[in-house]
Amino acid sequence: MKIIPDSKINEFKSFLDSHDFFYVIGHKDPDGDCIYSCLALSKLLDKLNLEYQLLNAGPFKRNEISDKAELFSSKAKFLTDQMREKSGLIILDCSEIKRLGEIDGDFSNLDTYVIDHHLTADVTENCIIDSSSPATACLVQQIYEKIAGPLDYETAEYIFFAMSTDTGYFRFLGSDSSEVFLQTARLVSAGVNPRKMYDKITGGKPYSTRKLLGILLSRAEKCFNDRLIITWETMEDTKKWGINGRDSDALYSLLLACEGVEAVAFLRQDTENNCTAGLRSRDDIDVSSVASHFGGGGHKNASGFSSETTLEKLIPELKAEFEKIL
């Protein structure tokens, strides 16, 4: 992970100084890094006595973020033309307006700043983007510390939680992660308890998620000399077992631990004509290239997409794309 240069910190500080109000928003179907990065940034705005509104289209279906849904709205505060001139939009953990989902509000012509760590981020101005950062929260921590100084306990907890969820509780980090651990040490110094945070992240899963996990494991199909495993969830599965607390992270972990497996694809039929897909990989397999083919994106080893199709059509198309990289 790179250190954010002072020039970019000053650029973001100037963005804050030139506006009186901010929409703070992350991508639809949010994860821990998305939600807790937004919360951590809101603490910086509090510190600077700046007015803001937290927005997210949801749904907050992940167990680790469900209790934060009440802090976010899917309806943007109305701004007059005069207010819009002094208002800004801060997008975290994605760079595309289309990934924000269905928000009741108008973001057109608003000054916008993007803070993101995805390999497929496609903006070059008014942004702090570092694809080598394991989480957007790592960037938010640097921004906060350089603008406002040492973190308070609550902000440190937000950042630790976000960082932990996006790194698989630091399991996905490599030998180039010394700066991440230096930042993490400062979070612990601020009072964060790693053991309690691990229990919060991994505990409290509904029993139904274990049953669904068993179904997905039994359905898993190996391809390309066992280098790829694909499994899927039908609408009937979702209806029977629900969507709350779905534990796809455990699914990826179990399947990637299989001998010789280099990539995993988990597909879900959300509606009769729409599927979502999560892709994970090991080492040099770049699943973001597969996701981008279907209009999605993400990281080299963790990406996803949504597509207007069915499982029956998507599975062979997905295999064809994986064949190009395996």
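Which residue is the bridge partner of Ile-115 in strand 5? I started my notes there, and I found Ile-128. A reminder to myself before going on: this is a predicted model.

**Entry 1: the parallel sheet**

I stepped back from that bridge to the strands around it. Strand 4 covers residues 111–116 and runs parallel to strand 5, with three bridges joining the two. They belong to an open sheet of five strands, and I read the order as 2-1-3-4-5 with parallel pairing. Which strands stand at the edges? I get strand 2 (51–55) and strand 5 (127–129). Each has a single partner strand, so one side of each has no neighbour in the sheet. I also looked up the twist, which averages 20 degrees from one strand to the next.

Next I checked what packs on this sheet. Helix 1 (residues 6–17) touches strand 1 (21–26), strand 3 (87–92), strand 4 and strand 5. The direction of helix 1 makes about 140 degrees with that of strand 4. Helix 4 lies across strand 3, strand 4 and strand 5, and I noted about 115 degrees between helix 4 and strand 4.

**Entry 2: helix 4 against helix 5**

Since helix 4 had come up, I followed it to helix 5. Helix 4 spans residues 136–148 and helix 5 spans 153–166; they pack at about 155 degrees with axes 8 Å apart. Why do I call the pair roughly antiparallel? Because the cut-off for that word is over 145 degrees, and the angle here is about 155 degrees. From helix 4 the contact uses Ala-137, Cys-138, Gln-141 and Tyr-144. From helix 5 it uses Thr-155, Ile-159, Ala-162 and Met-163.

**Entry 3: the mixed sheet**

I then moved to the other open sheet on my list. Six strands make it up, in the order 6-7-8-9-11-10, and the pairing is mixed. Its edge strands are strand 6 (221–223) and strand 10 (297–298), each pairing on one side only.

How do strand 8 and strand 9 run? Antiparallel: strand 8 (residues 263–271) and strand 9 (residues 274–281) are joined by eight bridges. I picked out one position there and found Leu-267 opposite Ala-277 in strand 9.

Two helices lie across these strands. Helix 8 (residues 207–219) crosses strand 6, strand 7 (228–233) and strand 8, at about 135 degrees to strand 7. Helix 10 (residues 248–256) crosses strand 7, strand 8 and strand 9, at about 150 degrees to strand 8.

**Entry 4: cysteines**

How many disulfides does a search of the whole structure find? Zero. I looked at Cys-34, and its nearest cysteine sulfur, that of Cys-38, is 4.9 Å away. A disulfide needs the sulfur atoms within 2.5 Å. Cys-34 is buried, at 0% relative accessible area.

For Cys-127, the closest cysteine sulfur is in Cys-94 at 13 Å, which is too far for a bond. I have Cys-127 down as buried too, with a relative accessible area of 7%.

**Entry 5: backbone oddities**

I went looking for unusual backbone angles. The peptide bond from Gly-58 to Pro-59 is cis, with omega near -5 degrees. Pro-59 sits in the loop between strand 2 and helix 3 (81–84).

Asp-29 has a positive phi, near 50 degrees, without being a glycine. I placed Asp-29 in the loop between strand 1 and helix 2 (32–47), and its 27% relative accessibility makes it partly exposed. Asp-93 also has a positive phi, about 70 degrees. Asp-93 is in the loop between strand 3 and strand 4. Is Asp-93 buried or exposed? At 0% relative accessibility I call Asp-93 buried.

**Entry 6: two single residues**

I ended with a pair of side trips. Glu-321 is in helix 12 (residues 311–323), and Glu-321 is buried, with a relative accessible area of 10%. What does the side chain of Glu-321 make a polar contact with? I found the side chain of His-293, at 3.3 Å. Leaving out residues up to four places away in sequence, Glu-321 touches Val-290, His-293 and Phe-294.

Val-188 is in helix 6 (residues 178–189) and counts as partly exposed at 36% relative accessibility. Beyond its neighbours within four places in sequence, I see Val-188 in contact with Phe-160 and Pro-194. I also looked up Ala-156, 32 residues away along the chain: its C-alpha atom is 7.8 Å from that of Val-188.

Definitions and conventions
Residues numbered from 1 in each chain as written. Predicted model: local features only at pLDDT ≥ 70, side-chain atom pairs only at ≥ 80, totals over all residues. Heavy atoms only, no water. Helix = DSSP H or I, 4+ residues; strand = E, 2+ residues; numbered from the N terminus. Buried < 20%, exposed > 50% of the residue type's maximum accessible area, 1.4 Å probe, protein only. Contact = heavy atoms within 4.5 Å. Pairing = 2+ DSSP bridges. Axes fitted to C-alpha atoms, helices over the stretch in contact; angles between N-to-C directions. Polar contact = N/O pair within 3.5 Å; in protein donor to acceptor, adjacent residues only side chain to side chain.
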